[in-house]
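Welcome! Here is a short guided look at one structure, taken a few features at a time. Have the picture open as you read.

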Amino acid sequence: MAIENVSLPFKLYCLTVMTLVAATYIIALRYTRVTSADTYFSTTAVCITEVIKLLISVGILTKESGSLGNLCSSLRENIVGSPKEMLKLSIPSIVYAVQNNMAFLALSNLDAAVYQVTYQLKIPCTALCTVLMLHRALSKLQWLSVFMLCGGVTLVQWKPAEATKVQVEQNPWIGFAAVSIAVLCSGFAGVYFEKVLKSSNTSLWVRNIQMYLSGIVVTLAGVFLSDAAGIMEKGFFHGYTLYVWLVIFLGSVGGLYTSVVVKYTDNIMKGFSAAAAIILSTVASVLLFGLQITVTFVLGTALVCISIYMYGLPRQDTTRINVETTDKPSKERLLNV
């Protein structure tokens, strides 16, 4: 599949917005989980997020199709008439559902700073999946920049201030387990979805609809398996506030931007965008939760910036899936004989 030609400003725009959304999402999510003892059911928030992403994708596909008739024809062909494709997209939808639920669980038990640091382990995980699943060969400089980034974000959040403006009871072990599962899910699902997108000419929004339909089914199952009794007693929207709806909105926008980013760039660049979001969310944590900036924060920030620059140095195209090519020099040698 040929990669659509898009301008550099458009790519930078996608990555910039995704960075801002990611930073705001983490801080807002953490805030909603610690400001009330009787909080909302996180499984319902994950489910509603999938529904909103589906509706937005249908709306965009309608505009892309040009008419309601073309939309119905496309949905009939790619949804009803393509059970194998639906099954293929159910894999990342299940994995993403697990990841999103684990994020809520992790941020209920870990400080936002600790979560951000640990979650950056998704970058080497994504890089490894990229090599194994997409058969890309990363340069030594790229590998070095990936691990430098991990070291940088670790320094940024090294020994975060324990005293915050919000005190809640937490279980760090549950939090670490949840974020570790989320890391593995993020690396695998992101690269798998990228491979599906770039291996056919099917519309991005059709692929999204296929994935979100499966995601709604999976998250609904999670709602009733995990919180059925509580929902029957208190209601589906128990504990919802404007901040909870903000988290859902940001989760929906972030999911759609993820699809755009993996379509036009790659998952490792998406990872670096998330790393930049760490810096922004740390500043927000200082203002909202009383974290203290240290020397390690400054050093970590510098290391992150250097690693981003280093990753951009290689001139190879990392937005394409490598395909075996014919050895042109060998052909030329044969012709010259």
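## Cysteines

This is a predicted model. We can begin with a cysteine, C150: its relative accessibility is 11%, so C150 counts as buried. Another cysteine, C47, has a relative accessibility of 4%, which means that C47 is buried as well.

How many disulfides does the count give? The answer is zero. For a disulfide, two cysteine sulfur atoms would have to lie within 2.5 Å.

## Salt bridges around E194

Next, let us turn to charged side chains. Searching the whole structure turns up five salt bridges. One residue to look for is E194, which forms a salt bridge with R136, with 2.5 Å between the closest N and O atoms. This pair joins distant parts of the chain: E194 sits in helix α8 (residues 172-197), while R136 belongs to the loop between α6 (122-134) and α7 (140-156), and the two are 58 residues apart. Are these two residues buried or exposed? Both E194 and R136 are buried.

E194 also has a salt bridge with K198, where the closest N and O atoms are 3.1 Å apart. Here too, K198 and E194 are both buried.

## A salt-bridge network with E85 and K88

Another place to visit is helix α4, which covers residues 83-109. There, the side chains of K88 and E85 meet in a salt bridge, with an N to O distance of 3.3 Å. Why are K88 and E85 about one helical turn from each other? Because they are three residues apart in helix α4.

K88 has a relative accessibility of 31%, so K88 counts as partly exposed. E85 has 22%, above the 20% limit for buried residues, and therefore also counts as partly exposed. The pair is part of a wider group, since E85, K88 and R207 are linked in a network of salt bridges.

## V95 and its contacts

Staying in helix α4, we come to V95. With a relative accessible area of 15%, V95 is buried, because buried means under 20%.

What does V95 touch, once neighbours within four places in sequence are set aside? V95 is in contact with C185, F188 and A189. Another residue to compare is G190: it lies 95 residues from V95 in sequence, yet the two C-alpha atoms are 9.5 Å apart in space.

## How the helices pack

Two packed helices are described by the angle between their axes and the distance between those axes. Take helix α1 (residues 8-34) and helix α5 (residues 112-119): their axes are 10 Å apart and the packing angle is about 135°. That angle makes α1 oblique to α5. The crossing of α1 past α5 is right-handed. At this meeting point, I26, I27 and R30 from α1 face A112, Y115 and Q116 from α5.

A second pair is α8 with helix α9 (residues 204-234), whose axes come within 11 Å and cross at roughly 135°. α8 and α9 are therefore oblique to each other. In this pair, α8 passes α9 in a right-handed crossing. On the α8 side, the contact is made by F193, V196 and L197, and on the α9 side by L204, R207, N208 and M211. You have already met R207, as it is linked with E85 and K88 in the salt-bridge network.

Note on methods
Residues numbered from 1 in each chain as written. Predicted model: local features only at pLDDT ≥ 70, side-chain atom pairs only at ≥ 80, totals over all residues. Heavy atoms only, no water. Salt bridge = Lys/Arg side-chain N within 4 Å of Asp/Glu carboxyl O. Helix = DSSP H or I, 4+ residues; strand = E, 2+ residues; numbered from the N terminus. Buried < 20%, exposed > 50% of the residue type's maximum accessible area, 1.4 Å probe, protein only. Contact = heavy atoms within 4.5 Å. Axes fitted to C-alpha atoms, helices over the stretch in contact; angles between N-to-C directions. Parallel < 35°, antiparallel > 145°, perpendicular 65-115°, else oblique. Left-handed = near helix turned anticlockwise from the far one by under 90°.
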